[in-house]
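Q: Pick one part of this model and take me through it up close. After that, I'd like to hear how the rest of the chain looks around it.

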Amino acid sequence: MSTLTLLIILSFIISMNTGLISLSPIEVLRTLFGAGTDMQELILFDFRLPRIVISILIGAGFAVSGCIIQGLSRNPLADPGLLGINAGAGLAVILFIVYYPTTERGSIFLMPLLALIGAFLTALVIYLFSYKKHKGLLPTRMVLVGIAIAAGIVAVTQILTLRLDPNRYQFFAVWMAGSIWGTNWKYVLALLPWLVIIVPFVSYKAKSLNALNLGDQLALGLGAHVNKERAWLLTAAVALAGSCVAVGGGIGFVGLISPHLARRLVGPKHEVLLPTSALVGALLVIVSDTLARWAFQPTEIPVGIVVAVIGAPYFLYLLSRSK
């Protein structure tokens with residue numbers, strides 16, 4: 001984990017120096033210590049730093065959410081995006097944009113809550129269709145139900161976008177592709193409490209997640225309250241995914257890739273798998289966001305596209321290896 005932390009710090013430094021308006025490392029250091037110009041302070045403190053922090057938070061949130069879902073479903077191909085949870089959160093946000101078209105004041109803090117409601121309702125429907133009495137949660141059925149529900153939600157979302165004017169439609173299209181659009185500290189404050197509360201709670205429940213990953217019968221034999229623990233952990237995963245979607249849009253594959261890479265590094269025990277997944281997810285998103293701002297300057301591409309370029313081949317690799 002120390003190596004991942006160092007890589008995140010290095011990416012943080014590089015990202016502060018990357019953008020349409022170039023800042024050299026010396027200028028960044030001078031600005032951090034209060035010796036920069038007004039323009040340099042505006043660029044660094046009001047635009048780049050909050051965006052970098054949001055990238056780290058979003059990456060960690062999606063990664064932990066994906067790790068939980070893979071553990072609960074015992075399916076290595078499960079993640080919030082594939083199961084339709086991200087789409088459900090996106091539907092709630094598009095309803096918010098259509099009927100409450102401003103993002104000022106309290107609405108900034110309302111969006112994560114609405115995204116959470118949309119994600120939770122989607123997860124509840126998936127759970128109800130995937131659960132069989134005396135058999136528990138069926139992993140394969142869960143993935144298939146999630147894909148079907150996601151397709152339906154995307155169709156409804158596309159219909160709603162027809163009501164948007166050109167400016168809001170362009171914003172939503174970029175947001176759905178995965179764009180860290182909230183580049184000020186208000187969005188950091190809107191997202192941070194969710195991670196500060198939920199991630200420690202999930203870490204506390206790591207042993208329960210280990211037991212559930214073995215299957216319901218073995219978990220019961222180990223003394224776990226299967227239904228209660230699954231409900232708490234699923235709620236935590238949905239809350240993380242929903243709040244991250246509200247600020248970062250439909251960034252896919254982070255919740256799928258990060259737990260896999262972390263599992264290769266530290267093994268399957270969730271006591272170390274969860275924090276390692278969070279670090280891998282944070283590193284993946286901050287690197288992708290830096291590339292998105294640098295690759296086609298002065299044009300900026302959505303970070304979700306860069307993550308998809310990385311994640312899609314890895315997803316195909318996982319499919320080829322799965323039985």
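**A close look at helix α4**

A: Let's go with helix α4, which covers residues 85-99. It has 15 residues and reaches 22 Å from its first C-alpha to its last, close to the 21 Å expected at 1.5 Å a residue. Keep in mind that this is a predicted model. As for its surroundings, 13 of the 15 residues of α4 are buried, so the helix is largely enclosed by the rest of the structure. Buried here means under 20% relative accessible area.

Now zoom out to the chain that holds it. There are 14 helices and 2 strands in the chain. Of its 323 residues, 52% count as buried. The radius of gyration is 20 Å, and a compact globule with 323 residues would come out near 20 Å, so the two agree. Along the principal axes, the C-alpha trace spans about 65 × 50 × 35 Å. Contacts tell you about the fold too: among those with a separation of 6 or more, 76% are between residues 24 or more positions apart.

Ser11 gives you one example of such links. This serine is found in helix α1, residues 2-16, and touches Leu283, Ile286 and Val287, leaving aside residues up to four places away in sequence. Ser11 counts as buried because its relative accessibility is 11%.

For the outside, have a look at helix α5, residues 107-130, where Ile117 has its place. Ile117 is one of the residues making a nonpolar surface patch of about 800 Å². The other members are Leu110, Leu113, Phe120, Leu121, Leu124, Val125, Leu128 and Phe129. An α-helix has 3.6 residues a turn, so residues three or four places apart point the same way. Ile117 itself has 44% relative accessibility, so it counts as partly exposed. For the whole surface, the chain exposes about 15,200 Å², with carbon and sulfur atoms supplying 70% of that.

One last stop is a backbone oddity. Phe253 isn't a glycine, yet it has a positive phi of about 75°. You'll find Phe253 in the loop between α11 (226-248) and α12 (254-266). With a relative accessibility of 24%, Phe253 counts as partly exposed, because that class runs between the 20% limit for buried and the 50% limit for exposed.

Back to where we began: α4, with 13 of its 15 residues buried, sits in a chain where 52% of the residues count as buried.

How values were computed
Residues are numbered from 1 along each chain as its sequence is written. This is a predicted model: local features need pLDDT of at least 70, side-chain atom pairs count only at pLDDT 80 or more; totals for chains, interfaces and linings use all residues. Side-chain values use heavy atoms; hydrogens and water are left out. Patches are made of residues with over 30% relative accessible area and no salt bridge: like charges are joined within 9 Å, nonpolar side chains (Val, Leu, Ile, Met, Phe, Trp, Tyr) within 5 Å. Accessible areas come from the Shrake-Rupley method with a 1.4 Å probe; for residues, only the protein chains shown count as cover. A salt bridge is a side-chain nitrogen of Lys or Arg within 4 Å of a carboxyl oxygen of Asp or Glu. Helices (H or I, at least four residues) and strands (E, at least two) are DSSP runs, numbered from the N terminus. Buried means under 20% relative accessible area, exposed over 50%, partly exposed in between (1.4 Å probe, protein chains only). The radius of gyration is taken over C-alpha atoms; the globule rule is 2.2 Å times the number of residues to the power 0.38. Contact means heavy atoms within 4.5 Å. The expected span of a helix is 1.5 Å times one less than its number of residues.
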